[in-house]
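Student: I have a model open and want to go through its geometry with you, question by question. Can you put it up for us?

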Amino acid sequence: YQNKHSRLLERALLNATASTHRFDDGGRPRYSVYWAFRQMLQGLPSDQEKRVERWHEGVPDSAFAAAAQARVAYDRAWRIRGSGYAGTVSRESWELYHSELQRGIKHLRAAPQSARDHPVWHHMLLAITLDTPERANAEKIFVEATNRWPDHYDVYHELVGRITPRWGGTWRAVDAFISASAEKLA
């Protein structure tokens, strides 16, 4: 990514998502793709947007460039919003925040089918949707992702984090979610 080798990056990401290998903790290489995006797509959004655009131009049928574009928009949204309590965010910042989130969703919705066939696409859609007024759609995205990849634990982690009291949920909801998820995975 840093060296602008789009095809090599694409191949590495495809290999990671296709691998059946398990790490000692039970995780799979495909889990690392979303977390790699979180690390490599930080920084000045305009610089990241240019890099991801070059990636998309270098690999027009990329299975991952749309998710990367969405991640850049998501990062920008949170930079605009800031990390303070909701009541400390200005109206203008909220509007820009929601605009960037919608931009991220548009990137994902415009992605080729090859992108939708990877858990990273679903994980990114879930993460963004949880922060939008359409948050109710998150359950549908979660169910679709876990039906396709029941052991893609990061989508469980994404959803459970948002039903904690910190984000307006309850510990009872967390407990119910964990029980239902454990039952599904048993």
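Student: Is Y97 buried or exposed, and at what relative accessible area?
Tutor: First, a caveat: this is a predicted model, where local features need pLDDT of at least 70, side-chain atom pairs count only at pLDDT 80 or more, and totals for chains, interfaces and linings use all residues. Residues are numbered from 1 along each chain as its sequence is written, and side-chain values use heavy atoms, with hydrogens and water left out. Buried means under 20% relative accessible area, exposed over 50%, and partly exposed in between, with a 1.4 Å probe and protein chains only. Y97 falls on the buried side of that scheme, with a relative accessible area of 2%.

Student: How many aromatic pairs does the structure hold, and what kind do W78 and Y97 make?
Tutor: Rings of Phe, Tyr and Trp (its six-membered ring) pair if their centres lie within 6.5 Å; planes under 30 degrees apart are stacked, over 60 edge-to-face, and the rest tilted. The structure holds six such pairs. For W78 and Y97 the centres are 5.5 Å apart and the planes sit at 85°, so the pair is edge-to-face.

Student: Which helices do W78 and Y97 come from?
Tutor: Helices (H or I, at least four residues) and strands (E, at least two) are DSSP runs, numbered from the N terminus. This pair links distant parts of the chain, with the two positions 19 residues apart. W78 is in helix α4, and Y97 is in helix α5 (residues 91-109).

Student: What is the angle between the planes of W78 and W167?
Tutor: W78 and W167 form an aromatic pair with a centre-to-centre distance of 6.2 Å. The two are 89 residues apart, W167 being in the loop between α9 (153-162) and α10 (171-185). This pair is edge-to-face, with the planes at 90°.

Student: Which residue puts its charged end over the ring of W167?
Tutor: W167 counts as partly exposed, at 30% relative accessibility. A charge sits over a ring if NZ of Lys or CZ of Arg is within 6 Å of the ring centre and within 35 degrees of the ring normal. Here the charged end is 4.4 Å from the ring centre, and it belongs to R162.

Student: Which residues do ring pairs link into a cluster?
Tutor: We've met W78 and Y97 as one pair, and W78 and W167 as another. The full cluster is W78, W94, Y97 and W167.

Student: What end-to-end reach does helix α4 have?
Tutor: Helix α4 covers residues 65-81, which is 17 residues. The expected span of a helix is 1.5 Å times one less than its number of residues, and for α4 that gives 24 Å. From first C-alpha to last, α4 comes close to that, reaching 24 Å.

Student: How many residues of α4 are buried, and what follows the helix?
Tutor: α4 is mostly covered, with 13 of its 17 residues buried. One residue of α4 is V72, buried at a relative accessible area of 3%. Right after the helix comes a residue with positive phi, near 85°: G82.

Student: Which residues does H123 touch, leaving out those up to four places away in sequence?
Tutor: H123 lies in helix α7 (residues 119-129) and is buried, with a relative accessible area of 0%. Contact means heavy atoms within 4.5 Å. On that count H123 touches Y34, H152, D154, V155 and E158.

Student: What radius of gyration does the protein have?
Tutor: The protein has 10 helices and zero strands, and its C-alpha trace spans about 45 × 45 × 25 Å along the principal axes. The radius of gyration is taken over C-alpha atoms, and the globule rule is 2.2 Å times the number of residues to the power 0.38. With 186 residues, a compact globule would come out near 16 Å; the protein agrees with that, at 17 Å.
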